[in-house]
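Work through the exercises below with the model open beside you. Each task is followed by a stepwise solution.

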Amino acid sequence: MPIIIPEDQSREYCSLLFQKLGAKKEDADIMGDHLTMSEMRGIYSHGLSRIPVYTRKLDGGGFNANAEMKIVKEYPGSFMLDADKAFGPVSGKFVMNRLVEKAKTSGFASAVLTNANHWGFLGYYSMMALEHDMVGFVFCNATGTTSIYGSPHRFVGTSPISVAIPAGKCDPIVFDAASSAVAMGKVNVANLEGRSIPEEWTYDKNGHATTNPADALSGGCMRAFGGYKGSGIAILISVLSAAIAAMPNDFMNNDSNPASGNNVGGIMQVIDISKFRDIDEFKGQVDEFITAAKAQPKGEGVEEIFMPGEIEFNKYRAFKKQGGFEVGPALFQTLKDSADKYGLVYDFSDWER
């Protein structure tokens, strides 16, 4: 029997759960929206499977359910936010909203976040700029779980990056990816559901390729994508994000202690296209590129050429039509266990079909 969670019920469940843990409704709603949007776009690595990780940090004090975020430096086109260990989506959404307003005046607007926690999927923030016909750009560091080229051991983080570009008739271009071969959350979900993983994703603690997610999670590591080039990108993101935000380097960032935050440092930027050219002309040129790219001759076995983010938009539309997204039985049980643990009385009967 499939377990399909309606979009609105996912938001409601998450919000109620985080309120039980002391978050104010406004912030809990943001968490519910973020985790649900992850699932609805097919980014299950950053969806409801993150709840036990986040609740553990809340219990231990690593996450601050009632953070007092503050702007510590500000200039006409930029600012720096001390997130005070707030929920990542709460601090990230605050920053992007403020950047959009600044970009309306300055054209470009940038922000540095320090003392932040796990941001979830970065496309959530870069896509906020699309609502204002702007380009959104986000990257950040992470806990050291990924190897660099030439070594099969942990050193840098998964170091994600996302860029969102508005289009006209076509879907926007939304690149959102970790600099590891895949997001580590996919390995966590595979481990939870008892599935194997491709051997090119990870190493075990002895530096050998493994298809067992438990081996990768128990002293092993993720691999950077694309050999030395992907490793180079991971290094750039890790160094710049941590150093400019005065956060520890990835290899010093031990995430095992529930009392410590994720020590995320990151950079967000918004570009107001209208300050540089007509927005409709810009969108038309992006559409022209997308149409030409998708019309390119296809390689053997390729049925369709996809733009960055297109598969996620397709999944969102499909899940909307289906009435929600599907989760595995192990995750479903985890969600019910979390409700029981924190005294949340919730009716899960609509989820089983």
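**Exercise 1.** Over the ring of which residue does the charged end of Arg-98 sit?

*Solution.* Keep in mind that this is a predicted model. Start from the charged end of Arg-98 and look for the ring beneath: the ring belongs to Phe-79. The distance to the ring centre is 5.5 Å. The cut-off for a charge over a ring is within 6 Å of the centre.

Now take a second case. Arg-223 lies over the face of Tyr-203. Here the distance to the ring centre is 4.2 Å.

**Exercise 2.** Classify the pair formed by the rings of Phe-137 and Phe-139.

*Solution.* The search of the whole structure returns 18 aromatic pairs. For Phe-137 and Phe-139, the ring centres are 5.4 Å apart. Centres within 6.5 Å make a pair. Next, the angle: the planes stand at 85°, so this pair is edge-to-face.

Then check accessibility. Phe-137 has 24% relative accessibility and counts as partly exposed. Phe-139 has 9%, so Phe-139 counts as buried. The cut-off for buried is under 20%.

**Exercise 3.** Classify the pair formed by Tyr-149 and Tyr-228, and place both residues in the chain.

*Solution.* The ring centres of Tyr-149 and Tyr-228 are 6.0 Å apart, and the planes meet at 65°. Edge-to-face needs over 60 degrees, so the pair is edge-to-face.

Next, locate the partners. Tyr-149 is in the loop between β5 (134–140) and β6 (161–165). Tyr-228 is in helix α8, residues 227–244. The pair links distant parts of the chain, 79 residues apart.

Finally, accessibility. Tyr-149 is exposed at 57% relative accessible area. Tyr-228 counts as exposed at 55%.

**Exercise 4.** Which residues form one aromatic cluster with Trp-351?

*Solution.* Start at Trp-351 and collect its cluster. The other members are Tyr-13, Phe-332, Tyr-346 and Phe-348.

**Exercise 5.** Describe the second largest pocket: volume, centre, helices and residue classes.

*Solution.* First, the volume: about 380 Å³ for the second largest pocket. Second, the centre: of 22 lining residues, the closest to it are Met-37, Tyr-124, Met-127, Met-128 and Glu-131.

Third, the helices. α2 (25–40), α4 (88–106) and α10 (310–322) each supply at least two lining residues. The largest share comes from α4, with three residues.

Fourth, the classes. The lining of this pocket holds twelve nonpolar, seven charged and three polar residues.

Key
Residues numbered from 1 in each chain as written. Predicted model: local features only at pLDDT ≥ 70, side-chain atom pairs only at ≥ 80, totals over all residues. Heavy atoms only, no water. 1 Å grid on protein atoms, 1.4 Å probe; cavity = no way out; pocket = protein on both sides within 12 Å on 5 of 7 lines; lining within 4 Å. Points joined across faces, edges and corners; volume = space filled by probe spheres on them. Helix = DSSP H or I, 4+ residues; strand = E, 2+ residues; numbered from the N terminus. Nonpolar A, V, L, I, M, F, W, Y, C, P; charged D, E, K, R; others polar. Phe/Tyr/Trp six-rings, centres within 6.5 Å; stacked < 30°, edge-to-face > 60°. Buried < 20%, exposed > 50% of the residue type's maximum accessible area, 1.4 Å probe, protein only. Lys NZ or Arg CZ within 6 Å of the ring centre and 35° of its normal.
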